[in-house]
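Trainee: Please give me a close look at how this chain is put together and where it leaves empty space. Keep it brisk, and spell out the cut-offs.

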Amino acid sequence: MADSTTMLSISDPVHMVLIKTDIFGETTLVASYFLEWRSVLGSENGVTSLTVELMGVGTESKVSVGILNIKLEMYPPLNQTLSQEVVNTQLALERQKTAEKERLFLVYAKQWWREYLQIRPSHNSRLVKIFAQDENGINRPVCSYIKPLRAGRLLDTPRQAARFVNVLGYERAPVIGGGGKQEQWCTLLAFLCRNKGDCEDHANLLCSLLLGYGLEAFVCVGTKAKGIPHAWVMTCGTDGTVTFWESLTGHRYIHKPVNPDESPVAEQPKPLYPYRTIGCVFNHQMFLGNCQPSDSVEICVFDLNDESKWKPMSEEAIKSVCAPGATTSLPPFPPLCASTIDASVTSNEIEMQLRLLVSEHRKDLGLTTVWEDQLSYLLSPALASYEFERTTSISAGNEEFQDAIRRAVPDGHTFKGFPIHFVYRNARRAFATCLRSPFCEEIICCRGDQVRLAVRVRVFTYPESACAVWIMFACKYRSVL
């Protein structure tokens with residue numbers, strides 16, 4: 001084990017996140033606290049107790065949510081403890097160094113911004129985001145939210161990583177009263193503990209994972225239709241191919257710029273992506289502001305080495321505040337955790353709950369319900385195929401599914417099926433959503449001769465207990481003309 005002097009140089013704080021979970025499984029971020037643990041190195045017997053006040057998050061970051069009594073103890077015990085004076089001196093020195101680095105970076109960022117505006121005054125309206133507030137209301141350089149993240153054996157491919165990020169829930173930061181969008185970029189641990197976040201949280205995580213896979217990835221900040229601010233991810237291939245990754249859906253788009261100087265009759269690529277403008281791109285090492293005459297994505301050229309198109313920030317300046325260990329104010333990046341959900345058990349539980357809900361719903365309508373287990377089982381390959389397609393963009397196994405259904409449905413009978421996808425495991429909530437679809441309601445409330453109902457649920461698990469839940473309702477009945 002390292003001695004006390006070596007441990008004193010470990011400046012990563014202990015990040016504690018407090019989450020509230022309601023009876024429906026919905027999570028709310030209550031508090032996020034960075035604990036300076038090194039006071040224990042100067043305490044007798046390697047044991048110390050302290051009291052910390054936990055503050056709220058976002059708009060409530062100045063409101064106390066409670067007091068936490070903490071007891072810290074070193075295991076195994078240190079052979080030699082340090083004097084409290086040595087510990088306090090080291091911490092004060094680190095705080096001083098961090099404050100100076102952050103001050104110098106702020107001075108540099110202001111100068112960079114002035115130079116950027118001198119290129120073209122209209123740049124003032126572009127979404128160039130150098131700093132962003134975290135859940136505690138602290139302004140951090142955006143580059144500090146990114147770090148190459150390796151998923152170990154939990155995720156095998158970049159596309160599977162995109163699917164994982166996509167199944168984490170989407171929720172905009174809560175805002176009190178009217179006005180614009182409340183800004184809150186969550187630290188990675190807070191985002192993963194909540195299992196949901198805003199588009200920036202998804203984009204930051206996806207960019208970190210793609211960097212971990214050895215790709216050249218950047219977060220893009222710009223707008224979607226109607227000028228709505230948005231963040232997405234971009235990768236630049238060695239062959240010059242630019243690919244956009246939408247972190248909220250898992251979709252990928254190849255970017256081919258439109259040439260505005262081309263004649264109107266010339267055939268131009270039609271963009272399929274939803275993005276309209278782009279102000280800046282960044283990752284853990286680089287920050288570039290878009291200084292092309294137009295910030296429209298469709299005519300944007302992503303030659304990031306061309307300083308007439310992209311104004312870079314000094315990589316040394318970014319490194320001084322964003323490199324690992326550069327400052328004590330940087331939150332540590334946690335490793336991803338394996339799922340604790342048993343996919344088979346959870347699939348069965350949701351399926352049984354849905355059968356009960358369907359039977360009760362039909363009973364209220366004066367209808368009897370007959371389930372056909374074999375037909376339910378035959379729906380499984382379709383659900384597996386849908387998830388495979390979401391992950392890889394490749395469709396497979398549809399022919400076998402269709403053939404099996406044709407064999408299971410006798411002549412003169414009609415088959416109807418309705419697949420739907422959720423990222424939560426609440427059966428009652430899923431059923432209520434399904435009933436809002438006229439096509440699904442038609443299946444659940446099916447009337448006719450020899451009506452047989454089927455439902456199949458398939459839960460696909462991902463790290464951090466995120467999951468994709470596929471449900472398929474189906475019925476077959478004899479067609480009576």
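Mentor: Start with the spread. The centres of domain 1 and domain 3 are 47 Å apart, taken over C-alpha atoms. Domain bounds come from an automatic or database domain assignment. Domain 1 covers 4–86, domain 2 covers 96–174 + 181–322, and domain 3 covers 343–478. This is a predicted model: local features need pLDDT of at least 70, side-chain atom pairs count only at pLDDT 80 or more, and totals for chains, interfaces and linings use all residues. Residues are numbered from 1 along each chain as its sequence is written, and side-chain values use heavy atoms, with hydrogens and water left out.

Take the sheets next. One open sheet has seven strands, ordered S12-S11-S10-S9-S13-S14-S15, and its pairing is antiparallel. Its edges are strand S12 (252–255) and strand S15 (310–312); each has a single partner strand, so one side of each has no neighbour in the sheet. On average, neighbouring strands here are turned by 30 degrees against each other, direction ignored. Strands (E, at least two residues) and helices (H or I, at least four) are DSSP runs, numbered from the N terminus. Strands pair if DSSP finds at least two bridges between them. Axes are lines fitted to C-alpha atoms, for helices over the stretch in contact, and angles run from 0 to 180 degrees between N-to-C directions.

Look at one edge of that sheet. Strand S11 (242–245) pairs with S12 over four bridges, in the antiparallel sense. Trp-245 sits opposite Arg-252 in S12. A helix covers several of these strands. Helix H5 (199–212) lies across strand S9 (217–223), strand S10 (229–236), S11 and strand S13 (277–282). H5 runs at about 10 degrees to S10. Contact here means heavy atoms within 4.5 Å.

H5 also borders empty space. There are three cavities of 30 Å³ or more. The largest cavity has a volume of about 120 Å³. It is lined by 13 residues, and Tyr-145, Cys-186, Thr-187, Leu-188 and Phe-333 are the closest to its centre. H4 and H5 each give at least two residues to this lining. H5 gives the most, with four residues. By class, the lining of the largest cavity has seven nonpolar, four polar and two charged residues. Nonpolar means Ala, Val, Leu, Ile, Met, Phe, Trp, Tyr, Cys and Pro; charged means Asp, Glu, Lys and Arg; the others, Gly among them, are polar. A cavity is a set of points on a 1 Å grid over the protein atoms alone where a 1.4 Å probe fits but cannot get out; a pocket is an open set with protein on both sides within 12 Å along at least five of seven lines; lining residues have an atom within 4 Å of a point. Grid points are joined across faces, edges and corners, and volume is the space filled by probe spheres set on them.

Now the pockets. The largest pocket holds about 610 Å³ of space. Its lining has 23 residues, with Gly-25, Glu-26, Val-423, Tyr-424 and Arg-425 nearest the centre. Strand S7 (169–170) and helix H4 (188–194) are the elements that give two or more residues to this lining. The classes here are ten nonpolar, six polar and seven charged.

The second largest pocket holds about 500 Å³. It is lined by 25 residues; nearest its centre are Phe-34, Leu-35, Ile-138, Thr-328 and Ser-329. Strand S2 (27–35), strand S3 (47–55) and helix H2 (84–119) each supply at least two lining residues. H2 supplies the most, six. Domain 1 and domain 2 each contribute at least three residues. By class, this lining has ten nonpolar, eight polar and seven charged residues.

H2 leads to a backbone detail. Pro-76 sits in the loop between strand S4 (64–73) and H2. A cis peptide bond joins Tyr-75 to Pro-76, with omega about -15 degrees.

Last, the second sheet. It is open, with three strands ordered S16-S18-S17 and antiparallel pairing. Strand S16 (413–422) and strand S17 (449–461) are at the edges; each has a single partner strand, so one side of each lacks a neighbour in the sheet. Neighbouring strands are turned by 15 degrees on average, direction ignored. S17 and strand S18 (467–478) pair over eleven antiparallel bridges. Leu-453 stands opposite Cys-475 in S18. Glu-464 lies in the loop between S17 and S18. Glu-464 is not a glycine, yet its phi is positive, about 60 degrees. Helix H9 (380–392) lies across S16, S17 and S18, at about 140 degrees to S18.
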